[in-house]
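Please work through the following exercises with the model open beside you. Each task is followed by a solution that goes step by step.

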Amino acid sequence: MSNFTIGIGDLKVCRVPDVLVTYALGSCVGICLLDSTAKVGGLSHIMLPDSTAGVNGASAPMRFADTAIPLLIREMEKLGASRGRLRAKIAGGATMFAIANDKFNIGDRNVAKVKEMLAKERIPILAEDTGADYGRTLFFYPETGVMEIRAATRGTKML
Amino acid sequence: MIRNYEDLSPTAIDCLKEIGNIGSGSAANSLSQMLGKSVAMRVPTVSVLDYQHVIEEMGGPEKVITGILVHLNGDIQGMIMFLLEDSFAQVVLSTFLGKEDVCVVKLDETDFSAIKEMGNIMAGSYLQAIGTLTGLTIDMSVPAMTVDMMGAIMSVPIVEYSEIGDKVLFINDGFVIDGVNIKSNIILIPDMKSLYILMKKLGVAEDE
């Protein structure tokens with residue numbers, strides 16, 4: 001069994017019983033996908049909602065919700081996953097600093113875009129731990145389908 | 001014209017070091033006045049680092065630190081972030097509130113505002129010193145503060161400035177108060193145009 005770490009703006013796929021980890025999600029969102037029949041899991045750590053809004057979009061599709069999610073699905077299909085069996089759990093999208101008139105409001109926009117993309121791909125969301133104002137480390141165990149959330153100030157929860 | 005931080009010349013980096021020096025000196029002074037204690041300043045080091053390095057340098061993504069975020073407006077646009085280790089919170093709270101053995105993940109409202117206020121003052125005097133040196137008007141937003149995982153705090157500038165690149169100006173400085181070493185790190189992210197203005201004011205701008 002191996003632990004794979006997914007950096008910011010990156011994604012990885014694995015087979016059971018490997019574990020996928022991403023550390024300290026702030027406004028970013030971690031998207032866990034699982035095909036429990038094929039026993040294939042995937043985790044994407046997106047930074048921004050929309051690749052078309054920025055100039056660097058094309059060069060870094062794994063950074064954006066709109067491009068990372070289709071990419072993650074394709075990578076999982078390569079390992080034998082079937083699109084119709086995929087289920088999702090998501091976490092992150094916090095607002096780390098309370099800033100008056102925060103025009104950026106990136107955490108909420110990330111979560112909204114991730115949900116929109118998953119709906120478009122017809123992937124149901126089984127659990128989520130999003131929003132609020134704290135960072136989250138995410139462990140995803142494809143073997144059980146459990147998403148473990150560790151927060152510095154809020155303890156640990158299993159979803 | 002410089003397009004990202006990697007294009008900075010050694011002279012420009014030296015110049016930013018000097019800015020760091022002056023800013024930190026001024027911040028140490030304010031800190032000393034507020035605490036009523038002598039505050040010694042360590043000579044800051046300034047480097048251009050990618051975010052991943054900054055996070056590793058400070059103890060990894062899950063290390064809990066205090067982050068104070070200030071947006072810059074006026075002649076200089078961008079963001080400055082103070083990353084303070086536990087010892088800072090400890091000194092502030094023992095001086096003002098007589099609290100010992102502070103646990104930064106269990107701060108109450110009063111603790112939080114005391115630390116935030118000290119952070120405000122440091123940020124203000126830091127920026128004021130840079131403004132005076134350069135003759136630029138630097139307006140600062142009301143500082144926002146949080147105590148959380150390093151990686152989650154750093155994701156704020158990473159995301160907001162992802163267009164500019166993966167590098168930041170990392171100013172590693174520190175204070176010695178009552179014989180206690182207090183590490184403080186500052187991330188300075190002026191946008192590219194502002195960096196050019198800053199360099200020009202200091203007479204080290206390269207040709208456009």
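**Exercise 1.** Within what distance do the axes of helix 1 of chain A and helix 2 of chain A come, and at roughly what angle do they cross?

*Solution.* The model is a predicted one, and the answer is read from its helix axes. Those of helix 1 and helix 2 of chain A come within 9 Å, and they cross at roughly 40 degrees. Angles under 35 degrees count as roughly parallel, while 65 to 115 degrees counts as roughly perpendicular; helix 1 and helix 2 of chain A are therefore oblique to each other. The crossing in which helix 1 of chain A passes helix 2 of chain A is right-handed. On the side of helix 1 of chain A the contact is made by Ala65(A), Asp66(A) and Ile69(A), and among the residues that meet them from helix 2 of chain A are Asn110(A), Val114(A) and Leu118(A).

**Exercise 2.** Work out which residues of helix 1 of chain A are buried, and what covers them.

*Solution.* Begin with the helix itself, which has 14 residues and reaches 20 Å from its first C-alpha to its last, close to the 20 Å expected. Its buried residues are Ala65(A), Asp66(A), Ala68(A), Ile69(A), Leu72(A), Ile73(A) and Met76(A). In an α-helix there are 3.6 residues a turn, so residues three or four places apart point the same way. The cover over the buried residues of helix 1 of chain A includes strand 2, strand 4, strand 5 and helix 2 of chain A. Helix 1 of chain A also lies across strands 2, 4 and 5 of chain A, running at about 160 degrees to strand 5 of chain A.

**Exercise 3.** Which strands stand at the edges of the five-stranded sheet in chain A?

*Solution.* First write down the order of this open sheet, which is 2-5-4-6-7, with mixed pairing. Strand 2 (11-15) and strand 7 (125-130) of chain A stand at the edges with a single partner strand each, so one side of each is left without a neighbour in the sheet. From one strand to the next the twist averages 10 degrees. Strand 2 of chain A pairs with strand 5 (residues 40-46) of chain A in the antiparallel sense over five bridges, and Lys12(A) stands opposite Leu43(A) in strand 5 of chain A.

**Exercise 4.** At what angle do helix 1 and helix 4 of chain B pack?

*Solution.* Helix 1 (residues 10-35) and helix 4 (residues 109-134) of chain B pack at an angle of about 140 degrees, with their axes 8 Å apart. That makes helix 1 of chain B oblique to helix 4 of chain B.

Definitions and conventions
Residues are numbered from 1 along each chain as its sequence is written. Chains are lettered from A and ligands numbered from 1 in the order in which they are written. This is a predicted model: local features need pLDDT of at least 70, side-chain atom pairs count only at pLDDT 80 or more; totals for chains, interfaces and linings use all residues. Two strands pair if DSSP finds at least two bridges between them. Helices (H or I, at least four residues) and strands (E, at least two) are DSSP runs, numbered from the N terminus. Axes are lines fitted to C-alpha atoms, for helices over the stretch in contact, and angles run from 0 to 180 degrees between N-to-C directions. Two residues are in contact if their C-beta atoms, placed from the backbone, lie within 7 Å. The expected span of a helix is 1.5 Å times one less than its number of residues. A residue is buried if 20 or more other C-beta atoms lie within 10 Å of its own, exposed if 12 or fewer, and partly exposed in between; C-beta atoms are placed from the backbone. Angles under 35 degrees count as roughly parallel, over 145 as roughly antiparallel, 65 to 115 as roughly perpendicular and the rest as oblique. A crossing is left-handed if the near helix is turned anticlockwise from the far one by less than a right angle, and right-handed if clockwise.
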